[in-house]
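Biologist: Could you pick one part of this model and take a close look at it with me? I'm new to this, so please explain each term as you go.

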Amino acid sequence: MKRVTHLNSLRAIEATARLGSYASAAKEIGVTPEAIGQLVRSYEAYLGYKLFRRKVSGVKRLTINQDFSDIILDVRDAFEMLSQSAQSLKNITEKGTLTVSVPPSFASHVLIPNMYLFREMYPDINLKLDISDDIIDIFNNQSEIAVRYAKSGWKNESDILFSNEKVFPVCTPEYFKNHPYLSHPTGLINTTLIHDLTIAGSDFPHWQQWIETFNIDYKDISSISFNTSTSAIDAVLLNHGVALGREEMVKKQIAAGTLINLYPELYLNTGRSYFVVHANNPTPKLVAFIKWLKSIYELECDG
C-alpha cells in the first residue's frame, strides 16, 4: 500500500473548494482561517501550481481551477468513504454483540432476571452469555468481560460488585410452618439439610462448619447434596429441606417472602466477593454494560 501524504492539506482543499472560502472551511474543520490558508499554500507549493481562483465578490470567493475540479470530486468521495469506514469501526465498539462470561448462579439470579432493563437502555447491544465458572484469560478469550466469585482481596476494589458474601439457613414459610421445631437451631437435627457443593474447599463455610460454629448437637442428619447453587435453592423452594443460602442468591426471595432467613444473627462470612474482570481500554459498549451492572447493585442496596 502506498503511503498517503498531505491528508490535512487535502482535507482543507476539499472543504475550501466545496464551501468557497477559508473561513467556511475553517469553521467546518474546527481550525482558524489562517491555518486553512497555510495548508492550501503548502500543498500548492508541493504541486507548483495554484489551485484556486479568487473572485472579487460573492459568498464563495474562492473557486477551484477547472483542471482540478474532477480530482476534487474524487478527493471528496475518498474522504466520505474514510468517514463511513471510521463510523463503521465506531459502531462495532458501540453496538453489536458483547460476550459476557458469568457463573451459572450469577446468570440465574442476577443477570437474566434483570436483562430486560439492559435491553431497554441499550437496544443496539446484543448480549451473548458464556455460562461458566472456568478461570479464563480475559485478554485471550472471546469474552470481553467476566464476572467471577472469588476470595476477597482484589487489587482494584472498584471492580467488586458484592463484597464478602454471607451464608445462613433458609427455608420456605410453608416448610417452617410444617416443622415448628425449626424456631430454634437445634431443630435442624430433625430436618433435611440441603448441601451446596458448588464451591469445594475447607475454607468455604458448609453445614458442618455452621453447626460447629454455633454449637449445635451434630448427629447423622438427613441430607441431599447438589453440585450447583441454583439446584440447591430450587430444592429449598420445593420444600425439600433447609439450605445454607448464599446472601446474593437468596436476598430477592427473602424480600419477596418466598424464603425466610431462619436465624438472622447466625451467619458465616464466606470471605468471597463477586468481581468484574475485563481487558484494559474497554469499548464503549463494554463501559455501558459495566455501568449498568453496577447500577443493579446500587438500586438493590438502596431498595
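Modeller: Sure! I'll say two pieces are in contact when they have heavy atoms within 4.5 Å of each other. One thing up front: this is a predicted model, so local features need pLDDT of at least 70 and side-chain atom pairs count only at pLDDT 80 or more, while totals for chains, interfaces and linings use all residues. Residues are numbered from 1 along each chain as its sequence is written, and side-chain values use heavy atoms, leaving out hydrogens and water.

Let's look at where helix H5 (residues 104-121) packs on H8; helices here are DSSP runs of H or I with at least four residues, strands are runs of E with at least two, and both are numbered from the N terminus. From H5 come Pro104, Ser105, Ser108 and His109, and they meet Ser229, Thr230 and Ile233 of H8. By class, that contact has 2 nonpolar, 5 polar and no charged residues. (Nonpolar covers Ala, Val, Leu, Ile, Met, Phe, Trp, Tyr, Cys and Pro; charged covers Asp, Glu, Lys and Arg; the others, Gly among them, are polar.)

The two axes sit 8 Å apart, at an angle of about 55°. Axes are lines fitted to C-alpha atoms, for helices over the stretch in contact, and angles between N-to-C directions run from 0 to 180 degrees. H5 and H8 are therefore oblique to each other: under 35 degrees is roughly parallel, over 145 roughly antiparallel, 65 to 115 roughly perpendicular, and the rest oblique.

Now follow H8 (229-237) into the loop towards strand S10 (242-246), and you'll find Asn239. Its phi is near 65°, a positive value in a residue other than glycine.
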